[in-house]
Amino acid sequence: MTTPKAPPSVAPIADRGYAHPEVLVSTDWVADHLDDPAVRLVESDEDVLLYDIGHVPGAVKVDWVADLNDPVIRDYLDRVRFEQLLRSNGIGDDTTVVFYGDRNNWWATYAFWVFRLFGMGRLAVMDGGRARWEEEGRPLVSAVPSYIGGDVRVGERQDRAIRAFREDVLGHVAAQKPLVDVRSPEEYRGERLHMPDYPNEGALRGGHIPGAASVPWARAVNPETHTFRPASELEAIYQQEQGLGRDDDVIAYCRIGERSSHTWFVLTYLLGFAQVRNYDGSWTEWGNSVRAPIERP
Amino acid sequence: MDREARIALLVDHAQRPRHAGPLADADVRVPGGNPGCGDLITVYLKVEPGGDRLAAASFEGAGCTISQGSTSLLLNRLNKDHPTLGELLDSSYDEMIDFLGRDVVGSRLSCATLALGTIKAGVRRLLTDRRLRAAGKSEEEIRRLRSALEEYAHPASGVPRAAGAEDA
C-alpha cells in the first residue's frame, strides 16, 4: 500500500486575511478536537460510500439526497425533520458542527448552507476537506458512532436571506445586478450538457443567465493544498477580475446549487460580502423554464 | 449478503476494476456519464461473430465508488453469462439496483445505473449499424450518419432538437 504524498503546508487560517476566519478550521484543529464532546464532525460527500469506507473518527454522515432534501418535492427538509436530523446525530444547541467532504468540500459547504437556512450558528468547515486529511496520513475509521440526541430546537427555515428563487433571478437580470455562474466554462458557453444516451440530469437548453459572470467554483481552492486560497487571491478573482463589490447584491448558481454553495461560502465568509444568495434551482430549473432568458456567447 | 458486505464488494470492484481497459476489436465503443458530477465511463462491447450474443465487454472510467464499482460488477456478470443483445436491452434497471443493494445505492440511482444505461446505448448503436449495413450503407456512410445523428440530438449549441424538427 502506498502512502499518499503529504500536501504542502499552508499559512494559518488566521493569517490569510479572511473576513470571518471563525468558519474555517484546520485539519490540525480537528485532530485536536476528535474527542471534544462539544464538537460534531459531519462528513458530506458526492461519493456516498466514502463515509462507509472510512471517515474521520467520530464523524457522522449527512447526505444531501437522503438527509437534506424533502423526500417528495424539490425543496429542503422542514424544521421538524431538521430537528430530528440534529438529534439523531447528537447535535445540540451548544454543539460546534464542523463539515468536511470530498470534492473540495462542495457538499460540506452545501450542508453548511442548509444548516444556516435554519439559523444554526457554531458552524465551520474543515479547510482542505477529506482530501487533505487523507493526504496528511491521518486516521480514518469505519466504526459508525452513536450519539445521544439532545433536545435541540430550531426556528422555521428562513430562506430569503441566503437562498434565491427563479423570480429573484429574473429580477436580478432585469436590474442588471451581479450573477455568478460557477459551472465549468463548457456549461457556461452552452456546449454539450451531458453525454449522449445518458439520462438527462441537465436541462433542455444550454447557456447561461444573461449578464452572469463565469467564475468556476474550484478557482477558490488551491488544488495542491486543497485549502481555500488566501483572501488576497480570492479578491483578485472576484473583485479585481470580475468587478464584484462587498456591498453588491450577488446571486450564485450552478446546476443544482451545490457548487454555488461553495462560492456563496467564499464570498460571504472569506471575503465578507454582505448580500450573497445561492440559487439552488440553478440551471436544472432555469434551463428547463419556458421563456427564461438565456445568453450564449 | 448484508449491507456491509455489499459495500465491501462495490469498493473492491471500484478499487480493483475487473475487465478494465479497451477491448481489442470491439464492435462498439460507447461513452456514458455525467460530466456534472464527474462520473464517466466508456464501454467496449464485442459480439460473437455473426451471432446475437455478447462475447466480451470491458470499460474505462473515472468517478465515484458506486459508478465505477457497479460497472465492474456488471461487466463481470456479463462476461460470465454472455447474454443475448435482446436480453441486454430487456435488462431491468430495478434489478440492477436490487443486485447492488437498494440500501447502498438508493440515494445515487444515476450512478448505479450508469453502466447498464451505457451498455444498452451501445447495443442499440450496434443494432442500428447492422440495419444500416444490411441496407447497403458503407462504413464511411454509417460513420457520417452517426455523427450527424449525434449532432442532431446533442448539438454543440446545447439545444437538443425534438424528433422530427426541421432545421431552419
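Which residues are buried in helix H4 (residues 79–88) of chain A? Keep that question in mind while we take a first look around. The model you see is a predicted one, and we will walk through chain A before turning to chain B.

Chain A has 11 helices and nine strands. Its radius of gyration is 19 Å, close to the 19 Å that the globule rule gives for 297 residues, so chain A is as compact as a globular protein of that length. If you follow the C-alpha trace along its principal axes, it spans about 55 × 45 × 40 Å. Of the 297 residues in chain A, 44% are buried. Contacts also reach across the sequence: taking those between residues at least 6 apart, 77% join residues at least 24 apart.

Now find the sheet in chain A whose four strands lie in the order S7-S6-S8-S9. This sheet is open, and its pairing is parallel. Strand S7 (213–214) and strand S9 (275–279) of chain A stand at the edges with a single partner strand each, so one side of each has no neighbour in the sheet.

Let us cross the sheet from one edge to the other. Starting at S7(A), we meet its partner, strand S6 (residues 179–181) of chain A, and the two are joined in the parallel sense over two bridges. A good residue to look for here is A:Val180, whose bridge partner in S7(A) is A:Ala213. Towards S8(A), A:Val180 stands opposite A:Ala252. S6(A) and S8(A) pair over three bridges, again in the parallel sense. The next step takes us from S8(A) to S9(A), two parallel strands joined by five bridges. Here A:Asp249 has A:Gln275 in S9(A) as its bridge partner.

How many residues of S8(A) are buried? Four of its five residues are, which leaves the strand mostly covered. Helix H7 (residues 166–175) of chain A lies across S6, strand S8 (249–253) and S9 of chain A, and it runs at about 120° to S8(A). Another helix to trace is H10 (residues 258–270) of chain A: together with S8(A) and S9(A), helix H10 makes a right-handed β-α-β unit.

We can now return to the opening question. In helix H4 of chain A, the buried residues are A:Phe82, A:Leu85 and A:Leu86. They cover an arc of only 95° around the axis, which puts them on the same side of H4(A). A general point about helices helps here: an α-helix has 3.6 residues a turn, so residues three or four places apart point the same way. Look also for helix H3 (64–68) of chain A, which is part of what covers the buried residues of H4(A). Just after H4(A) comes A:Gly90, with a positive phi of about 65°.

That backbone angle leads to two more residues in chain A. As a rule, most residues other than glycine have a negative phi. A:Arg103 is not a glycine, yet its phi is positive, at about 50°. You will find A:Arg103 in the loop between strand S4 (96–100) and helix H5 (106–117) of chain A. A:Asn104 is found in the loop between S4 and H5 as well, and this residue, although not a glycine, has a positive phi of about 55°.

Are these loop residues buried or exposed? A residue counts as buried when 20 or more other C-beta atoms lie within 10 Å of its own. A:Arg103 has 23 C-beta neighbours inside 10 Å and therefore counts as buried. A:Asn104 is buried too, because 24 other C-beta atoms lie within 10 Å.

Finally, let us move to chain B, which has eight helices and three strands. Along the sequence, chain B follows the pattern α-β-β-β-α-α-α-α-α-α-α. Buried residues make up 35% of the 168 residues in chain B. Among contacts in chain B with a separation of 6 or more, residues 24 or more positions apart account for 61%.

One residue to pick out in chain B is B:Ala134, which is found in helix H7 (residues 114–134) of that chain. B:Ala134 is exposed, with 8 other C-beta atoms within 10 Å. From B:Ala134 you can also look across to B:Asp90, which is 44 residues apart from it along the chain. The C-alpha atoms of B:Ala134 and B:Asp90 are separated by 24 Å.

Methods:
Residues are numbered from 1 along each chain as its sequence is written. Chains are lettered from A and ligands numbered from 1 in the order in which they are written. This is a predicted model: local features need pLDDT of at least 70, side-chain atom pairs count only at pLDDT 80 or more; totals for chains, interfaces and linings use all residues. The radius of gyration is taken over C-alpha atoms; the globule rule is 2.2 Å times the number of residues to the power 0.38. A residue is buried if 20 or more other C-beta atoms lie within 10 Å of its own, exposed if 12 or fewer, and partly exposed in between; C-beta atoms are placed from the backbone. Two residues are in contact if their C-beta atoms, placed from the backbone, lie within 7 Å. Two strands pair if DSSP finds at least two bridges between them. Axes are lines fitted to C-alpha atoms, for helices over the stretch in contact, and angles run from 0 to 180 degrees between N-to-C directions. A crossover is right-handed if, with the strands pointing away from the viewer, the path from the first strand over the helix to the second runs clockwise. The arc is that of the directions from the helix axis to the C-beta atoms.
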